[in-house]
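Thanks for sharing this one with me. Here are some notes to read with the model open beside you.

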Amino acid sequence: MAKIKTAFFCQNCGAQHAKWAGQCSSCKQWNTIVEEVVQKEEKKSWKSNSNSVKKASTPLRVSEITNEKEIRLDTQDQEFNRVLGGGLVPGSLILLGGEPGIGKSTLLLQIALKLAYKTLYVSGEESQKQVKMRADRIHPNSENCFILTETKTQNIFQQIAALEPDLVVIDSIQTLHTDYIESAAGSISQIRESTAELIKFAKESSIPVILVGHITKDGSIAGPKILEHMVDTVLQFEGDRNYVYRILRSLKNRFGSTAELGIYEMQGSGLREVNNPSEVLISKNEEDLSGTAIAATVEGMRPLLIEIQALVSTAVYGTPQRSATGFNAKRLNMLLAVLEKRAGFKLAAKDVFLNITGGISVDDPAIDLAVLAAILSSNADIPIEKGTCFAAEVGLAGEIRPVQRVDQRILEAEKLGFTQIYVSKSNKIGLKNTSIQIQLVSKIEDVVSSLF
């Protein structure tokens, strides 16, 4: 047996130190450095009965490498496939993170139950009976999904070798531990070592593996930062538990775009795919309400129409409040300064509250004009005409700037029954014979005079 070696790791950021210190020099956190065993004994292959020796790879010219289209496994979930880039790539390792109770286990169990392939669902947090209760509620009588309650990686690999599944789901990586490291499950060393064993298994067997990862209080994946570098894809499952809608984002993807978005609705029978999110993100109010504007945004390849609500009121205290939900608060302050400087609206002594409905967060600058329209509507207490939406960025000089893929935004608004859309005069629009009226504007003053 090899000599036991130890090292000091920060439990917050995963940085390695030569000796113990009170403060981590990397993340500046106090009392987070812990001594852990990094080597216990010689490692064996995940497949103990394999005696084959892997042939060393040789360098090839770029022109000699064959460019074959990769075969992906269909997860029977359009939203999940879209975020991954078309499906599961054989041999890939996917990390799914999210807040407790947001629906990570429900999403992966739902996918495992629907697949026509043999799937092994390994749970280190729940018993088989608990998983069975959820499975009966989501998709009962699945013949291809096998449930295993285990936290030791060596035992998991034995069951994998006996079952030979087409997909492995690990819930969660923080509960696994290996015999090669003498430290508690969830520690930096255990997470890194367990992930390394799973990566070796996935690459040698070409079986995709999906890991569930916990997150810290600031929203990042718990454990060492190297965990996100080791895996092929990092997905974030987010949403407000007070709302029924959940959003699946891609933070890293070696096999597809990171700009795609998947939207689900939480129901008693599991997560329902939302194929047309614009209809659920816009309220169906029959009455005209002031302070509400519709923005045409784009997430990945998907155009969305979202509802923006604003409330402008007289400040009760000396300092006015600026609050934004789902929108960058600093950008809101910038837009308010542009309104006051370029359009002459005095909002310095008024409270401004902004909210994007549905519990989602949007970073697209194309919703700037809709934000200003909602603020002006609330300030004047005049509702914006029904059937009106906006898709333009606002500059510091008060100019209306063009945005990308404006044609897709216009078509989406037309499909949902909107009658007019405000866009920048600088946009090059290639659409012809559209029923929606396209209002071309160049300055904020043009929008104000047209709306109010």
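1. In what sense do strand E11 and E12 pair, and over how many bridges? E11, residues 261-267, pairs with E12 in the antiparallel sense, and the pairing runs over four bridges. To find the register, look at Gln267, which stands opposite Gly270 in E12. Please keep in mind throughout that this is a predicted model.

2. The wider sheet is worth a look next. It is an open sheet of nine strands, ordered E6-E5-E7-E8-E4-E9-E10-E11-E12, and its pairing is mixed. At the edges are strand E6 (145-149) and strand E12 (270-273), each of which pairs on one side only. On average, neighbouring strands of this sheet are turned by 25 degrees against each other, direction ignored.

3. Helix H5 belongs in the same view. H5 lies across strand E4 (93-98), strand E7 (167-171) and strand E8 (209-213), and it runs at about 160 degrees to E8. The strands E4, E7 and E8 are among those in the order of the nine-stranded sheet.

4. H5 also has a helical partner. Two packed helices are described by the angle between their axes and the distance between the axes. For helix H4 (residues 153-163) and helix H5 (residues 188-205), the angle is about 20 degrees and the axes are 11 Å apart. Because angles under 35 degrees count as roughly parallel, H4 is roughly parallel to H5. The crossing of H4 and H5 is right-handed.

5. Which residues make the contact between H4 and H5? From H4 come Thr153, Gln154, Phe157 and Ile160, and from H5 come Ser194, Glu197, Leu198 and Phe201. Sorted by class, this contact of H4 with H5 has four nonpolar residues, three polar and one charged.

6. Strand E13 (residues 292-299) deserves its own point. Is E13 mostly covered or mostly uncovered? E13 is mostly covered, with eight of its eight residues buried. Thr292, Ile294, Ala296 and Val298 point one way from E13, while Ala293, Ala295, Thr297 and Glu299 point the other way, and all are buried. You may like to pause at Glu299, which is included in that buried set.

7. Now for the partners of E13. Strands of a sheet pair through backbone hydrogen bonds, either parallel or antiparallel. E13 and strand E14 (residues 302-314) run antiparallel and are joined by eight bridges, whereas E13 and strand E17 (residues 388-390) run parallel and are joined by two. Ala295 is a handy residue to follow: it stands opposite Ile306 in E14, and its bridge partner in E17 is Phe390. E13 and E14 form a hairpin with two residues between them, and Gly300 in the turn has a positive phi of about 70 degrees.

8. Two single residues round off the list. Ala135 sits in helix H3 (residues 128-138) and has a relative accessibility of 11%, so Ala135 counts as buried. Not counting residues up to four places away in sequence, Ala135 touches Leu109, Leu113 and Pro140. Asn427 is placed in the loop between strand E20 (420-424) and strand E21 (437-441). Is Asn427 buried or exposed? With a relative accessible area of 12%, Asn427 is buried. Leaving aside neighbours within four places in sequence, Asn427 is in contact with Pro402, Val403 and Val406.

Technical notes: Residues are numbered from 1 along each chain as its sequence is written. This is a predicted model: local features need pLDDT of at least 70, side-chain atom pairs count only at pLDDT 80 or more; totals for chains, interfaces and linings use all residues. Side-chain values use heavy atoms; hydrogens and water are left out. Axes are lines fitted to C-alpha atoms, for helices over the stretch in contact, and angles run from 0 to 180 degrees between N-to-C directions. Angles under 35 degrees count as roughly parallel, over 145 as roughly antiparallel, 65 to 115 as roughly perpendicular and the rest as oblique. A crossing is left-handed if the near helix is turned anticlockwise from the far one by less than a right angle, and right-handed if clockwise. Contact means heavy atoms within 4.5 Å. Ala, Val, Leu, Ile, Met, Phe, Trp, Tyr, Cys and Pro count as nonpolar, Asp, Glu, Lys and Arg as charged, and the others, Gly among them, as polar. Buried means under 20% relative accessible area, exposed over 50%, partly exposed in between (1.4 Å probe, protein chains only). Two strands pair if DSSP finds at least two bridges between them.
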